[in-house]
Amino acid sequence: MTDSKEFTLYGYFRSSASWRVRLALEWKGIAYEQHSVNLAQGDQKKDEFLAINPSKKVPALVTKEHKVLTQSIAILEYIEEHYPDRPMLPKSLWHRAQVREIVQAIACDIHPLQNLGVLIKQGGGDLEKREAWAREWITQGFEGLERHLEEVSGTYCVGDNITMADFCLVPMVYNAFRYKVDMKQFPVITRINNTLLTLPEFKKTHPHNQEDCPPELRGHGV
Ligand SMILES: N[C@@H](CCC(=O)N[C@@H](CS)C(=O)NCC(=O)O)C(=O)O
């Protein structure tokens, strides 16, 4: 790691949990390096990465002192507490809880069901079967999230300030498109996602703007 950088982020261009962390680092203006762990090639299972995260998952955030933090939401909370400027949580306790409610709906309930390991267990080499599984669970999750956001959203997920809920929503919608979810059913999610994607932090951290993005996807849809 170069001296000017606070952190090294071990991630992968289209890992949605890694994108959450890229967003938080970018939002706070924190200097960081990236180290790509190619999930498609199984780099997460190799000894070099297991020494960093034995759970075989990205993201992992490594500090200048070589301390390692995994779990994207724990990383977001750490960044928020360590770098309070440009807050990712509202002041009001009630609104903070509302943000965490959305964060957990996405990170705990919706996202884990389309993890690579789960998809392979479900569909084996049958890509259509894997895709159908992911699509079904994202659709079910989004049905509840859409109703919820009808109540609590403003310009963004909770009111009119950007929060960590937005940093979870956009990567989740990226996955929804990847698995061909019919997003016409979800106008509120779509509106918030489209608004967020116009912002520089979201463009810069978009999977298709990352160095490890394959050339055929590079710049696509950004
Ligand atoms: N709860 C973890 C989830 C991490 C996770 O699921 N990472 C995925 C990529 S988004 C992964 O590394 N998958 C590797 C695999 O399934 O083999 C977090 O929020 O950091």
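**Close-up 1. S72 and its neighbours at the ligand.** In this predicted model, a polar atom in the side chain of S72 sits 2.7 Å from an oxygen atom of the ligand. Once the protein is in place, it covers 88% of the ligand's own 510 Å² of accessible area. Q71 joins in too: an N or O atom of its side chain is 2.7 Å from a nitrogen atom of the ligand. Then there's R20, with a side-chain N or O atom 3.3 Å from a ligand oxygen atom. Altogether 16 residues surround the ligand, and the nearest are Q44, V58, Q71, S72 and N115.

**Close-up 2. The loop between α2 and β3.** Here we're looking at the stretch that links α2 (47-50) to β3 (60-63), with P59 in it. The peptide bond joining V58 and P59 is cis, with omega at about 10 degrees. V58 also turns up among the residues that come nearest to the ligand. K56 belongs to this loop as well, and although K56 isn't a glycine, its phi is positive, at about 65 degrees.

**Close-up 3. Helix α4 packed against helix α6.** Residues 93-110 make up α4 and residues 127-152 make up α6; their axes lie 11 Å apart, at an angle of about 175 degrees. That's over the 145-degree cut-off, so the two helices count as roughly antiparallel. On the α4 side, look for Q98, E101, I102, I106 and I110; they meet W137, I138, G141, F142, L145, H148, L149 and V152 of α6. Sort the residues of this contact by type and you get nine nonpolar, three polar and one charged.

Notes. Residues numbered from 1 in each chain as written. Predicted model: local features only at pLDDT ≥ 70, side-chain atom pairs only at ≥ 80, totals over all residues. Heavy atoms only, no water. Axes fitted to C-alpha atoms, helices over the stretch in contact; angles between N-to-C directions. Helix = DSSP H or I, 4+ residues; strand = E, 2+ residues; numbered from the N terminus. Parallel < 35°, antiparallel > 145°, perpendicular 65-115°, else oblique. Contact = heavy atoms within 4.5 Å. Nonpolar A, V, L, I, M, F, W, Y, C, P; charged D, E, K, R; others polar. Near = heavy atom within 4 Å. Polar contact = N/O pair within 3.5 Å; in protein donor to acceptor, adjacent residues only side chain to side chain. Areas by Shrake-Rupley, 256 points an atom, 1.4 Å probe, with all protein chains shown as cover.
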